[in-house]
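Good morning, colleagues. Please take a moment to look at the sequence and the model before I begin.

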Amino acid sequence: MAILVTGGAGYIGSHTCVELLNAGYEVVVCDNYCNSVPEVLERIKQITNKNIAGYDCDIRNRAGLEKIFSENSIEAVIHFAGLKAVGESTREPIMYYDNNISGTVTLLDVMKEYNCKSIVFSSSATVYGNNPIPYEETMVTGDVSNPYGRTKHFIEQILGDVYVSDNEWSISLLRYFNPIGAHESGLIGEDPNGIPNNLMPYISRVAIGKLPQLTVFGGDYDTKDGTCIRDYIHVVDLAKAHLCALNKLKSDPHSIDAYNIGTGIGYSVLDIINAFEDATGQKVNYKIGERRAGDLPAFYANPKKANEVLGWHAERNLHDMCEDTWRFQKNNPNGYKKD
Ligand code: NAD
Ligand code: UD1
């Protein structure tokens with residue numbers, strides 16, 4: 001029996017494939033490489049010394065998915081495939097709804113056809129919107145300000161409806177906070193196309209000299225140092241949460257549950273810059289600029305439910321996150337592209 005990992009060549013998916021293979025799972029990846037490269041699968045094989053089956057397939061391609069399910073015995077799906085750039089989603093909402101929502105609906109329909117009813121879904125802390133912090137799973141979600149975030153909220157609702165219609169489904173909604181860092185081998189990590197939108201890849205590109213300066217988006221928030229606070233989580237800890245979620249679905253099938261996957265600790269943008277400089281010895285050139293539209297001043301998780309119910313705990317600290325980010329950046333100055 002195998003686990004199908006959609007978007008398995010991407011940032012979080014690739015780290016999860018490594019953990020799955022190391023734990024003895026057979027892994028099948030479905031990725032259309034719109035935001036990744038097939039080389040990632042070679043790196044995963046190099047790290048684990050195990051084989052991985054890769055299909056170049058879009059999740060909206062029903063026939064392609066049917067081929068994957070007919071050629072493999074898929075026991076569960078971990079569903080990462082999706083577009084994730086907030087700014088782009090406001091400019092191209094139809095593309096986001098089509099890729100993320102239509103893609104998920106096609107995937108669920110094919111899963112049903114093959115009687116595979118176990119899924120772990122990549123959701124986001126963004127579904128909490130303007131709730132008080134720390135965020136808890138019992139809060140009302142959906143007050144989201146952009147199409148990307150709405151796709152996560154809608155897919156959570158769709159999965160809820162699927163479960164109500166047929167409670168043989170086993171569904172885990174993992175609400176990620178801010179994943180950063182890379183595998184300790186320095187072989188896989190985050191490699192965004194073009195100029196990064198997110199903080200950590202921006203910092204590491206400034207440190208390596210590919211970008212001249214980081215702009216800190218706002219220095220006048222009502223926080224300890226005026227910059228925004230987030231709950232940064234090491235991508236390997238996040239990857240391990242998926243194995244805990246799979247175990248839970250096995251031991252407690254026919255259920256649907258949401259879990260916050262964060263550390264519960266909030267760090268400011270300046271904390272991150274300082275920690276990166278400490279961990280790597282690299283200076284990060286930055287200036288304080290205007291606020292970014294849509295940014296919330298502060299949010300972080302209450303991870304108690306994941307700790308207690310999934311038996312999952314974040315084990316890596318901010319120093320590890322910075323050190324590992326830098327190792328990947330240093331070893332791969334041009335990302336996965338050959339020099
Ligand atoms: P990523 O872009 O690195 O990985 C997504 C992968 O999915 C890529 O390899 C891409 O090529 C593939 N993909 C996209 N659309 C596809 C389609 N239609 N068919 C097949 N493959 C497709 O992103 P990531 O950071 O690894 O995020 C993985 C998931 O986690 C996404 O759903 C994202 O929304 C969610 N998430 C990410 C973050 C974050 O900060 N990175 C936070 C919360 C939630
Ligand atoms: C962003 C998304 C969110 C998504 C999350 C994880 C927005 C508005 N939100 O969240 O929906 O779930 O990524 O993918 O894009 N920062 C700078 N300078 C930069 C980049 C970022 O100061 O060049 C600051 C931001 O203002 C923020 C913090 O760094 O306070 C983290 O930013 P980012 O990595 O983009 O994540 P989020 O904004 O939390």
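Let me open with a question: how far is an oxygen atom of ligand 2 from an N or O atom in the side chain of Asp295? In this predicted model, the separation is 2.7 Å. Two further polar contacts deserve mention. The side chain of Asn198 places a polar atom 3.0 Å from a ligand 2 oxygen, while Leu199 approaches through its backbone, with an N or O atom 2.9 Å from an oxygen of ligand 2. On its own, ligand 2 has 730 Å² of accessible area, and the protein covers 89% of that.

I turn now to the surroundings of the ligand. Around ligand 2 there are 20 residues, and those that come nearest are Thr215, Phe217, Arg230, Arg292 and Asp295. Sorted by class, this shell comprises 11 nonpolar, 6 polar and 3 charged residues. Helix H7, spanning 199–207, and strand S8, spanning 214–217, each supply at least two of them. The greatest share comes from S8, which contributes 4 residues.

Strand S8 also contains Val216, and I should like to consider that residue more closely. Is Val216 buried or exposed? Its relative accessibility is 1%, and therefore Val216 counts as buried, the cut-off for burial being under 20%. Leaving aside residues up to four places away in sequence, Val216 touches Thr227, Val269, Ile273, Tyr286, Lys287, Ile288, Gly289 and Glu290. Lys287 illustrates how sequence and space diverge: Val216 and Lys287 are 71 residues apart in sequence, yet their C-alpha atoms are 6.1 Å apart.

Definitions and conventions: Residues are numbered from 1 along each chain as its sequence is written. Chains are lettered from A and ligands numbered from 1 in the order in which they are written. This is a predicted model: local features need pLDDT of at least 70, side-chain atom pairs count only at pLDDT 80 or more; totals for chains, interfaces and linings use all residues. Side-chain values use heavy atoms; hydrogens and water are left out. A residue is near a molecule or strand if one of its heavy atoms lies within 4 Å of it. A polar contact is a pair of N or O atoms within 3.5 Å; within protein, one must be able to donate a hydrogen and the other to accept it, and residues adjacent in sequence count only if both atoms are side-chain atoms. Accessible areas come from the Shrake-Rupley method with a 1.4 Å probe; for residues, only the protein chains shown count as cover. Helices (H or I, at least four residues) and strands (E, at least two) are DSSP runs, numbered from the N terminus. Ala, Val, Leu, Ile, Met, Phe, Trp, Tyr, Cys and Pro count as nonpolar, Asp, Glu, Lys and Arg as charged, and the others, Gly among them, as polar. Buried means under 20% relative accessible area, exposed over 50%, partly exposed in between (1.4 Å probe, protein chains only). Contact means heavy atoms within 4.5 Å.
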